[in-house]
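Please look over the model shown below before reading on. The report that follows deals with enclosed space, strand pairing and aromatic contacts.

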Amino acid sequence: MPIQITAPSEPPITSTAWYQAWLMPLMPIEVAYYQGGATPASVTVPVQIRAIIGTGPELMYSSFTYRSYFSLPPMPEVVDLSGPVITDNEWLPYTNSLGGDVTITFQNLNLLSPGTYTRQVTFEIRGTNAAGASTIIDKRSFTIIIHVFTADTPVITPFGFNFNWVIDGGDTYIVSTTPVNVNGASWSIEAPLGFVWLPVEGAEVSGTVPSIITGTGSLDINMAMFVGAMPNPIIENPLTLYADVNGGLIQLPVTATFVQENGLFLEKEVLYFEALKGLTEAEAQTVVITFPASYSFTKPSWLTLSPTSGNGTITLVVQPIASANMDGGTYTGDIVLKNASGDIIGTISVTYFVNDAINMPYVEGDYAFTLDKLFMEFSAPGTTYFQVDLRARVYDYFGTAYQDRTASFKAPLFNGFQKLNIGKPVHQLMKRPEDLGNNNQLMYKPAEVYLDVTQYAGGSTFSYALGPYYFIAGISPALLNKCAFLDISPGARRVTATSYHIVNMLITGSANIRVFRNGAPVSGFSMQPGIRQYRMNFAQWGAVQGDVFDIVIMFPFQTRSLKRTFIVFPEGYTSCHVVWENEHRLRSVLECTGKVKLKNAFTNRTQELEQDLVTVLDKLESEKTSTITINTGWILKSEKAFIESLSRSPKATLLINNTEIDMVPVPKELVTVDTDESLVSFDLEFQINRKTNEEIYSF
């Protein structure tokens, strides 16, 4: 059987307990200024200051403040900072969510001599310890670099180098097709790796990795490309790199175009696809193809190509057919390129692995129910085991706050087979309602579940990401257009003219809700999609004994619908309502019209003492257990499922005489009346969860 290797985790991450981290530029902000030229434009960068409160330091410190300042030796005021987190060295009150865009403005650069200048912007967080001393808790910095040159930007014509390389043509290196003229007071250009500058009179060439050329005035320069330095396989045609001018402040494009001897360029010659049968699909891949004439393709039947022919340069899109239409196994084949004469000019080898080792009972992007008896099935001879890492985002009731929870399972195979239920673990991870009296329409959002599955087969591993699956607590109800009533049974319910009922619904799309009294409509409305609750107050529709009410989920242009029925019974001996948490982790309600009995049992702890030669009893403490028995009154036989649902529930609330009493169902048995009768009644037992030992109740 599958082994759960980690317990379902408590939430490591929540929507309300997420803590902001530092965010600021990792690389220096660099600008160039040429004396007499234009001032560089302002630069805007995002900055976030880390969260302190709630992460531990507040246990040792208090009165948090923060500041920003320049932390390197002073120089003329050439940089100005503005933004919501800039304090200009002033300590300001700290909060957890400090952040915003910081704008860097350059000024007075004409006061600087040629050279490189560095400023460092630092942010600090300070706290006060128990002794009243201030301590720096954390800090971060980023750097601004200003390069000042003696002349304007050099003029480069043409702006870039171009190379044409015939693949496997036998050349060790090739030279750019056209030299480039550089004209400026002083300049220095660093070539990309794999390129070297050719010597030229009037310029200095130094180094090979990288190769750098330095000069003044106007000169024609050129570079060579070593073909052995090019990537293999070549992933782009043309391939564009950049030469850095004056310290990288200008990027000069260096472009190389590649073709085979017959004029063909293939970006890729091997493609590999992988899919999990019926669950995941192989993503399309692209291949850039260049050929100076028209060409066509032949392919295996399990591949699709777009376009199906070409002329010049095209981007070929390759994708296997749906894995559900393939048997499990490894498929190999070739995409063959032919010229107009039918001659083969190139080949792309393709492998498609369809893994049928996992059978999933749920549909990605659709609803699933936690208590359904459904299993992931693993079937893979030669596989040792499967690792399943489950990630669930579970939502709070009556809102959108969430928690991310995890669980991990190992499924070792026996005779090449194993199965795993993930519904119940998800059920355990989901939240429970805390307030059974809340009347908010939105109950909770379905849990978003993702599965990371790793297959260990000998020395090979295969990994798959499955999901999302949207889990709702409970067993599958009758669904129509992905809408449903979320209750344990479709049977009719007994109500009275002055009672109410809670209807839980799953609403998707454009469903409409209608309420009918004895077949005549009395109310109509729509609800937003989601898990919704509607409270039916029968008195507002003038209910009398014998009425039959129907609540119907209807769909435009369809005759089919979903319906629940309520029959109005006579008023009973008394009236109280029991609200409980049902299997869908939603609220259900039952009006009880029979007698209510309260019983208090006391447990005394005593000791015997000897006083004046007489044994006396000394009472140390007394504990009270309050149990309550409620008779349902006459109800329909179809409601027995609801009685059992209430009996299984972990908690319930009694609403009586404007009082709410928290209880736990503690049934020992359910005894029905003669089965020949059409109506039944039950005595329901509960234990009261008191707030104090002295608490008393009177009905």
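## Cavities and their surroundings

The count comes to 4 cavities of 30 Å³ or more, a cavity being a set of points on a 1 Å grid over the protein atoms alone where a 1.4 Å probe fits but cannot get out. This is a predicted model, in which local features need pLDDT of at least 70 and side-chain atom pairs count only at pLDDT 80 or more, while totals for chains, interfaces and linings use all residues. Residues are numbered from 1 along each chain as its sequence is written, and side-chain values use heavy atoms, with hydrogens and water left out.

The largest cavity has a volume of about 120 Å³, where volume is the space filled by probe spheres set on the grid points, which are joined across faces, edges and corners. Its lining consists of 15 residues, and Asp487, Arg493, His501, Ile502 and Val503 are those that lie nearest the centre; a lining residue has an atom within 4 Å of a point. By type, the lining divides into 7 nonpolar, 5 polar and 3 charged residues, with Ala, Val, Leu, Ile, Met, Phe, Trp, Tyr, Cys and Pro counted as nonpolar, Asp, Glu, Lys and Arg as charged, and the others, Gly among them, as polar. At least two lining residues come from each of β38 (500–507), β43 (562–569) and β45 (587–592), strands being DSSP runs (E, at least two residues) numbered from the N terminus. The largest share of this lining, 4 residues, is supplied by β38.

In β38, 8 of its 8 residues are buried, which is to say under 20% relative accessible area with a 1.4 Å probe and protein chains only. Tyr500, Ile502, Asn504 and Leu506 point one way from β38, and His501, Val503, Met505 and Ile507 point the other way.

His584 is found in the loop between β44 (576–581) and β45, and because its relative accessibility is 2%, His584 counts as buried. The C-alpha atoms of His584 and Ile488 are separated by 8.4 Å, although the two residues are 96 apart along the chain.

## Strand pairing

Two strands pair if DSSP finds at least two bridges between them, and the table lists four such antiparallel pairs.

| Strand pair | Bridges | Residues opposite each other |
|---|---|---|
| β31 (385–395) and β32 (402–412) | 11 bridges | Arg393 and Asp404 |
| β31 and β34 (447–457) | 9 bridges | Ala392 and Val449 |
| β36 (484–485) and β38 | 2 bridges | Phe485 and Met505 |
| β38 and β41 (530–537) | 8 bridges | Val503 and Tyr534 |

β31 and β32 form a hairpin with 6 residues between them, and Phe398 in the turn has a positive phi of about 60 degrees.

## Aromatic contacts

A search of the whole structure finds 22 aromatic pairs. The rings of Tyr295 and Phe297 have centres 5.9 Å apart and planes at 85 degrees, so this pair is edge-to-face; rings of Phe, Tyr and Trp (its six-membered ring) pair if their centres lie within 6.5 Å, and planes under 30 degrees apart count as stacked, over 60 as edge-to-face and the rest as tilted. Both Tyr295 and Phe297 are buried. Elsewhere, one aromatic cluster is formed by Phe538, Trp541, Phe549 and Phe566.

Charged side chains also meet rings: the charged end of Lys410 sits over the ring of Tyr385, 4.7 Å from its centre, and Lys419 lies over the face of Phe375, at 4.5 Å from the ring centre. A charge sits over a ring if NZ of Lys or CZ of Arg is within 6 Å of the ring centre and within 35 degrees of the ring normal.

Notes. Buried means under 20% relative accessible area, exposed over 50%, partly exposed in between (1.4 Å probe, protein chains only). On a 1 Å grid over the protein atoms alone, a cavity is a set of points where a 1.4 Å probe fits but cannot get out, and a pocket is an open set with protein on both sides within 12 Å along at least five of seven lines; lining residues have an atom within 4 Å of a point.
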